[in-house]
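Colleague: I would like a close look at a single part of this protein, namely the second largest pocket and the parts of the chain around it. Could you take me through it slowly, in one connected account?

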Amino acid sequence: RTVFAVPSRWLADRMIAAGLPADRLHVVPNPLLGAAPAFDAAARRAARSRSGWPADRCVALVAAGALADPNKNVATVLAAMAGVARPERWCLVLLGRPDRAMRRRIGTLPVRTVLVEQGLDRAALAEAYLAADLFLNPSRGESFGMTNLEALAHGCRLLCSDLPVFREIAGAAATYLPSDAPAAWTSALDAALDATLDAALAQEP
């Protein structure tokens, strides 16, 4: 008798709705592979220095192997960043490869951008999470949301799509936004910048 392990209650419900008996499904959330380092402001400053990303800007990280994949919906982040109130205070770091049209669009953004096209090993990805202030995930659909969990474990603020599975995994630790509403993302980014700057001021001696 075959049983199935799935990473989220959301996915289990979809499989039951498709006809798989509930007693053959077990929800086993994906674990973090490797412990995240102890997070504090000093660790972030050190990681930021090693990365070469600017220390005086809010760094927002996006990670998607294929940045132009419609399901990953990175275009919403680009549209949102085009409208932020203080573009000079932002650095957008994109992990993944864009297509030609997206590459051109990235080049027109008013914020500083860093494009990392080569694949990162687990240690380098952990360093990227640690160096960032925010993690942005505008995906239109996922079965779990591993990158969200990894980003939270490394101290990032999380802005993500309002998907049931994301709420299941991140709970109250994230800010949830409609996947295809760039204006809502712009407003959330402006608010996150204010919160990041306030937190930085509070940590100054």
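Modeller: What follows begins with the whole chain, goes on to the pocket, and then takes up a few residues and residue pairs in turn.

Please keep in mind throughout that this is a predicted model. The protein has eight helices and eight strands, and of its 205 residues 40% count as buried. Among contacts between residues at least 6 apart in sequence, 61% join residues at least 24 apart. The accessible surface comes to about 10100 Å², and 56% of that surface belongs to carbon and sulfur atoms.

The second largest pocket has a volume of about 360 Å³. Its lining is made up of 23 residues, and those that lie nearest the centre of the pocket are Ala63, Ala64, Gly65, Leu95 and Thr147. Two or more lining residues are given by each of strand S3 (58-66), strand S4 (90-97), strand S6 (134-137) and helix H6 (146-153). Of these contributions, the largest share of the lining comes from S3, with four residues. In chemical terms, the lining divides into twelve nonpolar, seven polar and four charged residues.

Strand S6 deserves a further word, and asparagine 137, which lies in that strand, is a convenient residue to follow. Asparagine 137 has a relative accessible area of 9%, and since anything under 20% counts as buried, this residue is classed as buried. Leaving aside neighbours within four places in sequence, asparagine 137 is in contact with Thr147, Asn148, Leu159, Cys160, Ser161, Phe166 and Trp185. Thr147, one of these partners, has already been named among the residues nearest the centre of the pocket.

From S3, the chain leads into the loop between S3 and helix H3 (74-81), where asparagine 73 is found. Although asparagine 73 is not a glycine, it has a positive phi of about 60 degrees. Asparagine 73 is also buried, at 3% relative accessibility.

Lysine 72 forms a salt bridge with glutamate 142, and the closest N and O atoms of the two are 2.9 Å apart. Because lysine 72 belongs to the loop between S3 and H3 while glutamate 142 belongs to the loop between S6 and H6, the pair ties together parts that are 70 residues apart in sequence. S3, S6 and H6, which these loops adjoin, are also among the elements that give two or more residues to the lining of the pocket. Both partners count as partly exposed, lysine 72 at 25% relative accessibility and glutamate 142 at 21%.

The structure holds eight salt bridges, and two others are worth describing here. Arginine 140 pairs with aspartate 180, with 2.6 Å between the closest N and O atoms. This pair links distant parts of the chain, since arginine 140 is in the loop between S6 and H6 and aspartate 180 in the loop between strand S8 (174-177) and H8, 40 residues apart. Arginine 140 is partly exposed at 39% relative accessibility, as is aspartate 180 with a relative accessible area of 47%. In the other pair, the side chains of aspartate 194 and arginine 86 meet in a salt bridge at 2.3 Å, N to O. Here aspartate 194 in helix H8 (residues 182-203) is linked with arginine 86 in the loop between H3 and S4, and the two are 108 residues apart. Aspartate 194 counts as partly exposed at 38% relative accessibility, and arginine 86 is likewise partly exposed, with a relative accessible area of 30%.

Helix H5 (residues 122-131) brings the account back to the pocket elements from another direction. The buried residues of H5 are Leu125, Ala128, Tyr129, Leu130 and Ala131. They pack against helix H2 (41-51), S3, S4, S6 and H6, and in this list S3, S4, S6 and H6 are the elements already met in the pocket lining.

Finally, proline 54 is found in the loop between H2 and S3, and with a relative accessible area of 9% it is buried. The C-alpha atoms of proline 54 and alanine 131 are separated by 10.0 Å, while the two residues are 77 residues apart along the chain. Leaving aside neighbours within four places in sequence, proline 54 is in contact with Arg48, Val59, Cys91 and Arg112.

Conventions:
Residues numbered from 1 in each chain as written. Predicted model: local features only at pLDDT ≥ 70, side-chain atom pairs only at ≥ 80, totals over all residues. Heavy atoms only, no water. 1 Å grid on protein atoms, 1.4 Å probe; cavity = no way out; pocket = protein on both sides within 12 Å on 5 of 7 lines; lining within 4 Å. Points joined across faces, edges and corners; volume = space filled by probe spheres on them. Nonpolar A, V, L, I, M, F, W, Y, C, P; charged D, E, K, R; others polar. Buried < 20%, exposed > 50% of the residue type's maximum accessible area, 1.4 Å probe, protein only. Contact = heavy atoms within 4.5 Å. Salt bridge = Lys/Arg side-chain N within 4 Å of Asp/Glu carboxyl O. Areas by Shrake-Rupley, 256 points an atom, 1.4 Å probe, with all protein chains shown as cover.
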